[in-house]
Amino acid sequence: MASPPPLLTALLLLTAAISLISPSQSQSQSATCTSQSQTFTNNKRYAFCNGLPYLNSYLHWTFDPAQSSLSIAFIAPAPPEGWVSWAINPTSTGMVGSQALIAFKLGDRMTVKTYNVSSYNPLTESKVWFDVKESSAEFSNGAIRLFATVVLPEKGKTVVNQVWQVGASVTGGVPNKHEFQPANLNSKGSLDLLGGQSTASTGGNSRLKKRNIHGVLNVVSWGILFPTGIVLARYLRVFPSADPAWFYLHVSCQVSAYAIGVAGWGTGLKLGSESKAVTYSVHRNIGITLFAFATLQIFALLLRPKKDNKYRLYWNIYHHGVGYAILVLGILNVFKGFDILQPEPKWRRAYIVVISVLGGIALLLEAFTWIVVLKRKKSDKSTKPYDGYNNGRGRQEPLSP
Ligand SMILES: *[C@@H]1O[C@H](CO)[C@@H](O)[C@H](O)[C@H]1NC(C)=O
């Protein structure tokens, strides 16, 4: 039987899709410190600055571990009658539990108040987890700047969960609810008080570029090539004429996916080590797991027992198990990456189209495979299974090659 045309179509579509995803003017919300003046009206200078990934805001800070004393300048665009907030959450990662400094205009001057945000109820001023030594705020150039020096009660705690926020209005001295856009809900992360970009650091543009390169490499590798290689192996094999071609196609697809994936993974590690303001732990951990699994698969190739070896069955189970885990985790992590990088929506949509097309093709081939295999079984009971995979298993089914 000849090779199935749907697969060729799939490959063509994928190639088209890959070229669609190639880098262009995708935009990140992440602010960059280079655009920031490094001295402030209070003549303060800070050791570190990080452009925070949401709400176009910046955190400048200096931390003295001996005194647990932290000086910050938090800057975020806001209307003059609005508010900005920077908080540490000592017990959790989101808004609830956060110990917030909020800057807004009260009467005719800017003020900074502290809030123990214990619920989503209207805020009431209260004492917070840290001591506030001094605080002030100003409005200029469309942004509110919040300055504070606080003393953290836990000595030796140098990584904290930070939460930041911007709101449009204040009523009767009480900041009103902020919006619930993705940027407002995602504006949190961990902050390494001893790390971060030093204020002399360079270009956000090169950083944005790096993030895009990271995104493209990984979408192509984990998000498209690995799944394609799995589809190749699973369905092409049914056709005796495709043996052993399917094997070489599968191996070359997965080995190139691995090469691109490792490059993408490396850029991710680099980005992670540079992003002291925010750690995306889930994305990072999935990425590390993927790398480990994929490396395992490369070794699996070298350690593969012969087809008639009695351990081959176990090898198959392991190889397919890890392979499907990579499939699921890879796609999941691509979406996690979209959440972090926040490119223009069309990139996410393009990827959804690609992966749906691949999924649809897999579904069709799945049905097709069953038909072929059942027919073959009927017409020729005595034939040995075409690829020898099912030796000793009693029956042949396309699902468990
Ligand atoms: C903040 O509020 C919570 C809940 O009401 C309370 O358990 C906690 O002790 C408060 N924290 C401070 C520092 O007052």
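Author: In this predicted model, a helix is a DSSP run of H or I with at least four residues, and a strand is a DSSP run of E with at least two, each kind being numbered from the N terminus. On that basis the protein chain has seven helices and twelve strands.

Reader: What share of the residues of the protein chain counts as buried?

Author: The chain has 401 residues, and 36% of them count as buried. The cut-off is 20 or more other C-beta atoms within 10 Å of the residue's own.

Reader: What makes Gln-162 count as buried or exposed?

Author: Gln-162 has 25 C-beta neighbours inside 10 Å. A residue is buried at 20 or more, so Gln-162 is buried. Gln-162 belongs to strand β9, residues 159–167.

Reader: Which residues are in contact with Gln-162, apart from its neighbours within four places in sequence?

Author: They are Trp-86, Ala-87, Ile-88, Lys-188, Gly-189 and Leu-191. Asp-192 is 30 residues away from Gln-162 in sequence, with a C-alpha to C-alpha distance of 9.8 Å.

Reader: In what order do the strands of the sheet with β9 and β12 stand?

Author: The order of this open sheet of five strands is β6-β5-β4-β9-β12, and the pairing is antiparallel. Its edge strands are β6 (109–117) and β12 (188–192), each of which pairs on one side only. The average turn between neighbouring strands of this sheet is 25 degrees, direction ignored.

Reader: How do you know that β4 and β9 pair?

Author: Two strands pair if DSSP finds at least two bridges between them. Six bridges join β4 to β9, so the criterion is met, and the two strands run antiparallel. Within this pair, Val-84 is found opposite Val-166 of β9.

Reader: Which strands make up the open sheet that contains β1?

Author: That sheet has five strands in the order β1-β2-β3-β8-β7, again with antiparallel pairing. At its edges are β1 (48–51) and β7 (131–140), which pair on one side only. Here the average turn between neighbouring strands is 15 degrees, direction ignored.

Reader: What makes β3 and β8 a pair of strands?

Author: Strand β3 (residues 69–77) is joined to strand β8 (residues 143–151) by nine bridges, and the two run antiparallel. At least two bridges are required, so β3 and β8 count as paired. Ser-71 is opposite Thr-149 of β8, and Ala-73 is opposite Phe-147 of β8. Strand β8 also pairs with β7 in the antiparallel sense, over nine bridges, and Ala-137 is opposite Leu-146 of β8.

Reader: What is notable about the phi of Asn-141?

Author: The phi of Asn-141 is near 50 degrees, a positive value in a residue other than glycine. Asn-141 lies in the loop between β7 and β8, and the hairpin of these strands has two residues between them.

Reader: Why is Asn-141 classed as buried, partly exposed or exposed?

Author: Asn-141 has 7 other C-beta atoms within 10 Å. The limit for an exposed residue is 12 or fewer, so Asn-141 is exposed.

Reader: What class does Ser-68 receive by its C-beta neighbours?

Author: Ser-68 has 19 C-beta neighbours inside 10 Å. A buried residue needs 20 or more and an exposed one has 12 or fewer, so Ser-68 is partly exposed. Ser-68 sits in the loop between β2 (58–64) and β3. Although not a glycine, Ser-68 has a positive phi of about 55 degrees.

Reader: Why are the directions of α5 and α6 described as roughly parallel or roughly antiparallel?

Author: The axes of helix α5 (residues 281–302) and helix α6 (residues 312–341) cross at roughly 150 degrees and come within 9 Å. Angles over 145 degrees count as roughly antiparallel, and therefore α5 is roughly antiparallel to α6. The crossing is left-handed. Among the residues that make the contact are Ile-286, Leu-290 and Phe-293 of α5 and Val-322, Ile-326 and Leu-329 of α6.

Reader: Where is the peptide bond cis?

Author: The bond from Asp-243 to Pro-244 is cis, with omega near 5 degrees. Pro-244 lies in the loop between α3 (204–236) and α4 (245–274).

Reader: Which elements have the lowest and the highest mean pLDDT?

Author: The lowest mean, 42, belongs to helix α1 (residues 5–21), and the highest, 96, to strand β4 (residues 83–88). For the protein chain the mean pLDDT is 82, with 80% of the residues at 70 or more. Residues 1–30 stay under 50, and residues 198–204 are also below 50.

Notes: Residues numbered from 1 in each chain as written. Predicted model: local features only at pLDDT ≥ 70, side-chain atom pairs only at ≥ 80, totals over all residues. Axes fitted to C-alpha atoms, helices over the stretch in contact; angles between N-to-C directions. pLDDT = per-residue confidence, 0-100. Contact = placed C-beta atoms within 7 Å. Parallel < 35°, antiparallel > 145°, perpendicular 65-115°, else oblique. Left-handed = near helix turned anticlockwise from the far one by under 90°.
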